Amino acid sequence: MTAKISPSKGAPYARILGVGGYRPSRVVPNEVILEHIESSDEWIRSRSGIATRHWAGPEETVAEMSLAAGGKAIADAGIAASDIDAVIVATVSHFKQTPAVATDIAHRIGAGKPAAFDISAGCAGFTYGLTLAKSMITDGTAQNVLVIGVERLSDLTDKEDRATAFLFGDGAGAVIVGPSQVPAIGPTVWGSEGDKAETIKQTVAWDEFRTGDVSRLPLDSSGNVKFPAITQEGQAVFRWAVFEMAKVAQQALDAAGITADQLDAFIPHQANMRIIDSMIKALKLPDHVAVARDIETTGNTSAASIPLAMERLLATGEAKSGDTALVIGFGAGLVYAATVVTLP
Ligand SMILES: CC(C)(COP(=O)(O)OP(=O)(O)OC[C@H]1O[C@@H](n2cnc3c(N)ncnc32)[C@H](O)[C@@H]1OP(=O)(O)O)[C@@H](O)C(=O)NCCC(=O)NCCS
């Protein structure tokens with residue numbers, strides 16, 4: 001007879017208990033970007049909505065920014081660090097791939113010996129992590145999960161590339177996801193479109209870069225081999241985001257059984273202010289819905305963008321604890337993930 005395996009016992013539902021963010025101290029206005037590219041403050045503001053972004057200093061590493069954001073999320077959730085039994089870190093800009101940065105963060109934040117791992121899902125990384133955390137809690141493999149989205153995209157930005165130099169910023173956002181007696185994180189609508197993998201990518205793979213072959217690698221204006229950076233087909237990504245992501249956002253609303261007018265807040269990935277405005281129109285969001293527009297002063301921080309925007313929306317009082325918010329992340333892969341949550 002086959003041995004019977006006991007089923008795992010989880011909480012009925014999961015919710016976000018607390019949120020925290022860390023923005024590097026250096027604020028970088030468009031004027032600094034214009035030192036390297038032919039453009040204007042007016043063009044950058046009108047085409048992307050970005051006025052300033054933060055760039056991390058040498059001490060503001062992926063781990064340090066994560067510890068700062070994670071510490072705030074723990075305090076906001078009102079739990080002890082030792083209550084955390086899983087740490088998920090979403091990032092594409094931690095340069096030391098082994099070991100996962102999540103284990104270092106878990107140890108230094110005082111979580112003891114939790115499960116800890118990194119995930120790579122571009123600008124959807126945070127929403128992917130949130131989805132995993134929810135499943136872990138309802139499955140019973142974790143009670144309290146620290147989910148961090150963190151990037152140092154300034155390290156992966158080609159400051160001479162007109163198409164991307166102004167877009168990216170650095171920072172970390174974190175949430176604690178814990179058990180709930182009522183549904184507070186809806187079904188996630190997620191997926192990938194690998195046929196569009198070339199539209200956002202690293203310019204040169206690390207092993208190619210290592211060859212240092214000046215005849216085959218991109219060179220900067222001084223003739224030196226350029227460090228790998230994130231490049232994109234801006235218009236193709238823009239069109240995809242505007243047309244396809246509004247549909248995904250609507251599917252997430254439908255899956256949660258929520259209509260647009262029942263929403264209190266909309267927290268999309270902060271990629272471009274015009275993408276945000278198009279989604280508002282496509283979803284027919286009423287005026288009372290608070291919309292995260294953190295991109296203006298934070299730029300695109302990829303995996304960090306949604307938790308940072310969530311933290312700011314709550315800190316400014318535009319949204320409040322218990323509000324119903326639609327979140328959607330999308331980016332390199334191409335990948336996407338959307339869900340409806342109750343704000344912490
Ligand atoms: C990057 C982005 C802001 C560019 O805006 P855009 O309106 O699509 O700009 P285009 O690339 O079509 O270029 C339009 C014109 O501006 C020019 N241009 C491009 N970059 C410029 C810059 N930095 N400054 C001034 N002009 C610029 C182009 O040369 C082009 O000129 P032309 O019409 O004479 O040929 C926009 O495509 C975008 O946000 N895409 C999505 C980005 C994104 O979300 N990425 C990450 C997803 S996670």
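**Close-up views of a predicted model**

**View 1. Strands β1 and β7 run antiparallel, joined by nine bridges.** Strand β7 covers residues 170-180. You are looking at a predicted model here, as in every view that follows. To find your way along this pairing, start at Gly18, whose bridge partner in β7 is Ile176. Then look for Val19: its bridge partner in β7 is Val175.

**View 2. Strand β7 also pairs with β6, again in antiparallel fashion.** Eight bridges join these two strands. A good landmark is Val145, which has Val177 of β7 as its bridge partner. Is β7 largely enclosed by the rest of the structure or not? It is largely enclosed, because 10 of its 11 residues are buried.

**View 3. Five strands make up an open sheet.** Reading across the sheet, the order is β1-β7-β6-β4-β5, and the pairing is mixed. Which are the edge strands? They are β1 (13-22) and β5 (115-119), each of which pairs on one side only. If you compare neighbouring strands in this sheet, they are turned against each other by 20° on average, ignoring direction.

**View 4. Helix α4 lies across three strands: β4, β5 and β6.** The helix spans residues 101-109. Beneath your fingertip, as you trace the strands, β4 takes in residues 86-90 and β6 residues 145-152. Helix α4 runs at about 140° to β5.

**View 5. Phe95, Trp206 and Phe227 form a nonpolar patch on the surface.** Together, these three residues have about 280 Å² of accessible area. Let us pick out Phe227, which sits in the loop between α6 (206-210) and β10 (230-232). Why does Phe227 count as partly exposed? Its relative accessible area is 39%, and the partly exposed class lies between the cut-offs of 20% and 50%.

**View 6. Asp323 sits in the loop between α10 and β13.** Helix α10 covers residues 305-315, and strand β13 covers 324-331. Is Asp323 buried or exposed? Asp323 counts as buried, because its relative accessibility is 7% and the cut-off for buried is under 20%. Which residues does Asp323 contact, once its neighbours within four places in sequence are left aside? They are Asp264, Val341, Thr342 and Leu343. Look for Pro344 too: Asp323 and Pro344 are 21 residues apart in sequence, and their C-alpha atoms are 8.1 Å apart in space.

Conventions:
Residues are numbered from 1 along each chain as its sequence is written. This is a predicted model: local features need pLDDT of at least 70, side-chain atom pairs count only at pLDDT 80 or more; totals for chains, interfaces and linings use all residues. Side-chain values use heavy atoms; hydrogens and water are left out. Patches are made of residues with over 30% relative accessible area and no salt bridge: like charges are joined within 9 Å, nonpolar side chains (Val, Leu, Ile, Met, Phe, Trp, Tyr) within 5 Å. Accessible areas come from the Shrake-Rupley method with a 1.4 Å probe; for residues, only the protein chains shown count as cover. A salt bridge is a side-chain nitrogen of Lys or Arg within 4 Å of a carboxyl oxygen of Asp or Glu. Helices (H or I, at least four residues) and strands (E, at least two) are DSSP runs, numbered from the N terminus. Buried means under 20% relative accessible area, exposed over 50%, partly exposed in between (1.4 Å probe, protein chains only). Two strands pair if DSSP finds at least two bridges between them. Axes are lines fitted to C-alpha atoms, for helices over the stretch in contact, and angles run from 0 to 180 degrees between N-to-C directions. Contact means heavy atoms within 4.5 Å.
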